[in-house]
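Student: I have a structure open on my screen and I am not sure how to read it. Could you walk me through some of its features?

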Amino acid sequence: MPSGLIDCHLHLVYPDRARPAWMAGVSTYQDKGFTFPDFEIVEGREAIAASVFMEVDVRGERIEAESEKIAELIADRAVPVVGQIAACRPEHEAGFDAWLSRADELGIVGYRRILHVGVPEDLSRHGVFRDNVRKVGEAGKVFDICMLARQLPLAVELIAACPGTFFVLDHCGNPDVAAGEIEEWRAGIKAVAGLPNVAAKMSGILANCAPGKAGETEVRPYLEELIEVFGAGRIVWGSDWPVVNSRADLQSWTQITAKILGALGATERAAIEWVNAVRIYKLAEKLKAKGIERG
């Protein structure tokens, strides 16, 4: 097992505050909460020293309620949630500055706008969208990108248009592992990695596998390519819990992680497991405040 991972992609759902609409159509998630106490008892959780919450694409009017609940966890010294990547709507002029102004109050270290489903394909090309993403960088926060492999040229455009903002590409760039597609994805991540203001997140890839075929054999080529292209200095790790359960489970993912990273030197491994997350999401003081150290 890894000796201490920072999980940069933990989903939590507190139904009394906010439940994402997409969960209603998936039997695995119906009528369930996914709270931090639920996460604490999951097999594989012991590999994770600290977590950063990732927004779960709730409706726009519920974004603040979601973030305020997570802020309560961040403020609790006994809970190893050290920050949150909050939802935002950069396509809207009204209210965006006010939402950014609450970042430090709520423990927000970054923002995300889902771009691979439920929105126009060209949303990230709009002027208002890009202006607001630039403001994220000016505020000293990170912008996470969630796009499909075929959309990676759009990611390149957005990242290049906002050189003062640092980006993290979620879920390894979402390759279609189930279909065995790799060439389009490979070209896409090479183009993304060619830009200086972006890192990649080693997360979410098991959910892109075919049912019953979410294992090391299927994802190893993609993970090794990701490390080769971005280098160990520009990759962070994420559990993608509980979405990981759609094809496998957290324990399987941490075991695959251990095997892949086990081939690296100690410095490279530490970078992906811990060091990069601390630097990119500015977590040093937050970890210190909760007494969390790398094991």
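**Reading the inside of the model**

Tutor: Gladly! Let us begin with the nonpolar core. In the largest one, which has 83 residues, Tyr111, Phe143 and Phe230 touch the most other members. Helix α8 gives the largest share of this core, 7 residues. Keep in mind that this is a predicted model.

Student: Which residues is Phe230 in contact with, leaving aside its neighbours within four places in sequence?

Tutor: Phe230 is in contact with Ile189, Val192, Ala193, Val198, Ala199, Ala200 and Ile235. There is also a second, separate core of 20 residues, and Ala50, Ile85, Val109 and Val278 are among its members.

Student: How many salt bridges does a search of the whole structure find?

Tutor: The search finds 25 salt bridges. Let us look at a few of them. Glu216 and Arg220 form one, with their closest N and O atoms 2.6 Å apart.

Student: How should I read the positions of Glu216 and Arg220 in helix α8?

Tutor: Here is the general idea: an α-helix has 3.6 residues a turn, so residues three or four places apart point the same way. In this case, Glu216 and Arg220 are 4 residues apart in helix α8 (residues 216-230), so about one helical turn separates them. Glu216 counts as partly exposed at 23% relative accessibility, and Arg220 counts as partly exposed at 25%.

Student: Which salt bridge links distant parts of the chain?

Tutor: Try Glu55 and Arg112, whose side chains meet in a salt bridge at 2.9 Å, N to O. Glu55 sits in the loop between β2 (48-54) and α2 (63-75), while Arg112 is in strand β4 (residues 108-112), 57 residues apart. Both Glu55 and Arg112 are buried. They also belong to a network of salt bridges that links Glu55, Arg112, Asp144, Asp170 and Lys201.

Student: And is Glu61, which forms a salt bridge with Arg59, buried or exposed?

Tutor: Glu61 is exposed because its relative accessible area is 57%, and the cut-off for exposed is over 50%. Arg59 has a relative accessible area of 45%, so Arg59 is partly exposed. The closest N and O atoms of this pair are 2.9 Å apart.

Student: How can I check the length of a helix such as α2?

Tutor: Compare the expected span with the distance between the ends. At 1.5 Å a residue, the 13 residues of α2 should span 18 Å, and the end C-alpha atoms are 18 Å apart, which agrees.

Student: What do the buried residues of α2 pack against?

Tutor: They pack against α1 (36-40), β2, β3 (81-87), α3 (96-100) and α4 (103-106). The buried residues of α2 include Ile63, Ala65, Leu73 and Ile74. Glu66 and Lys69 are also among them.

Student: How do I find empty space in a structure?

Tutor: Rolling a probe the size of a water molecule over the atoms shows where empty space is left. This structure holds 2 cavities of 30 Å³ or more. The second largest cavity has a volume of about 30 Å³, and its lining includes Gly204, Ser239, Asp240 and Trp253.

Student: Which helix supplies the largest share of the lining of the second largest pocket?

Tutor: That is α3, with 3 residues. Both α2 and α3 supply at least two residues of this lining. The second largest pocket has a volume of about 200 Å³, and Ile63, Glu64, His92, Phe96 and Trp99 are among the residues that line it.

How values were computed: Residues are numbered from 1 along each chain as its sequence is written. This is a predicted model: local features need pLDDT of at least 70, side-chain atom pairs count only at pLDDT 80 or more; totals for chains, interfaces and linings use all residues. Side-chain values use heavy atoms; hydrogens and water are left out. A salt bridge is a side-chain nitrogen of Lys or Arg within 4 Å of a carboxyl oxygen of Asp or Glu. Buried means under 20% relative accessible area, exposed over 50%, partly exposed in between (1.4 Å probe, protein chains only). A nonpolar core is a set of buried Ala, Val, Leu, Ile, Met, Phe, Trp, Tyr and Cys residues joined through side-chain atoms within 4.5 Å. Contact means heavy atoms within 4.5 Å. The expected span of a helix is 1.5 Å times one less than its number of residues. On a 1 Å grid over the protein atoms alone, a cavity is a set of points where a 1.4 Å probe fits but cannot get out, and a pocket is an open set with protein on both sides within 12 Å along at least five of seven lines; lining residues have an atom within 4 Å of a point. Grid points are joined across faces, edges and corners, and a volume is the space filled by probe spheres set on the points.
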